[in-house]
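Here are some short exercises to work through with the model open in front of you. Try each task yourself before you read its solution.

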Amino acid sequence: MLTGLFDTHAHYDARQFDPDRDQVLAALPGQGVELVVNPGCDLASSRQAVELAGRWPFVYAAVGVHPEECAGWTQGDVEELRALAARPKVVAVGEIGLDYYWRSNPPRELQKQAFRAQMALARELDLPVIVHDREAHGDSLDIVRAFPGVRGVFHCFSGSAEMARELMGLGWMISFTGVLTYKNARKAVEAAQAVPLDRIMIETDSPYMAPVPHRGERNQSGYVGLICERLGALKGVTADECSAITRENGRRFFRIQG
């Protein structure tokens, strides 16, 4: 069994974990998981992420408003996020970004407004950001370029190898999910092959996108080892080496002491 795994993105605040959240979290150290970052998607889930980080020694929090959840965005949200970011074990602003996939999502200009405001907050607080980018590659890159002092990661990376190289040129990290294990994941595989191991993190994005052979099930951090094994195979290193490298990448990125 792999050990020392760092799941850099998992939503244990999600309703899918309501029946057994504590049991799932309690089991993770026994499944080789050493660290988890739980990003919020709105103010309520950000508050819950902070609460979970306070109760579980291996869980850290990020606070932010997701583009799908920004319909009611006001400048007052920044003030609450600033207060939440001051709480212990908050290591990033996120999950923030742009999502143009669903027609029902908030208007694009409002998404951009919320994204820019949270990027500015991260710059002010000297925190990294966790960016969600779905079908919005060009606009996401434009906003990232406008904040050259902000460090970040594009989580659940869905862009091209060329886009990954551009982000690396800006000093950013790339994170991959269980999509790497899917048969039709050519684009993600090509991007992973293009990114040096010292710029990669791994994540489950639980409860979503479980890796093969659990595809279609509720995802959880115990499955991050399957992503690590696949990435190691793509990069020509052992799974243990991949676990150690991606763990230290995550620690460095989120400034979590060893």
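**Exercise 1.** Find which residues touch the most other members of the largest nonpolar core in this predicted model.

*Solution.* Start with the whole set: the largest nonpolar core has 75 residues. Within that core, Tyr12, Trp73, Met119, Val129 and Phe157 touch the most other members. Next, look at the helices: H4, residues 108–125, gives the most to this core, with 7 residues. Finally, look elsewhere for a second group: another core of 14 residues lies apart from the largest one, and Ala62, Ala92, Phe254 and Ile256 are among its members.

**Exercise 2.** Decide whether glycine 4 is buried or exposed, and list what it touches.

*Solution.* First place the residue: glycine 4 sits in the segment before strand E1 (5–7). Its relative accessibility is 8%. Buried means under 20%, so glycine 4 counts as buried. Now leave out residues up to four places away in sequence; glycine 4 then touches Gly32, Glu34, Ser243 and Arg247. As a last step, compare sequence with space: glycine 4 and aspartate 240 are 236 residues apart in sequence, yet 8.7 Å apart from C-alpha to C-alpha.

**Exercise 3.** Describe the largest pocket and its lining.

*Solution.* Begin with the space inside, which is about 1,000 Å³. Then turn to the lining: 37 residues form it, and Glu68, His132, Arg134, Asp205 and Tyr208 lie nearest the centre. Helix H2 (43–55), strand E4 (90–99), strand E5 (129–134) and helix H7 (186–194) each give two or more residues to this lining. Sort the lining by class to finish: 13 nonpolar, 11 polar and 13 charged residues.

Key: Residues are numbered from 1 along each chain as its sequence is written. This is a predicted model: local features need pLDDT of at least 70, side-chain atom pairs count only at pLDDT 80 or more; totals for chains, interfaces and linings use all residues. Side-chain values use heavy atoms; hydrogens and water are left out. On a 1 Å grid over the protein atoms alone, a cavity is a set of points where a 1.4 Å probe fits but cannot get out, and a pocket is an open set with protein on both sides within 12 Å along at least five of seven lines; lining residues have an atom within 4 Å of a point. Grid points are joined across faces, edges and corners, and a volume is the space filled by probe spheres set on the points. Helices (H or I, at least four residues) and strands (E, at least two) are DSSP runs, numbered from the N terminus. Ala, Val, Leu, Ile, Met, Phe, Trp, Tyr, Cys and Pro count as nonpolar, Asp, Glu, Lys and Arg as charged, and the others, Gly among them, as polar. Buried means under 20% relative accessible area, exposed over 50%, partly exposed in between (1.4 Å probe, protein chains only). Contact means heavy atoms within 4.5 Å. A nonpolar core is a set of buried Ala, Val, Leu, Ile, Met, Phe, Trp, Tyr and Cys residues joined through side-chain atoms within 4.5 Å.
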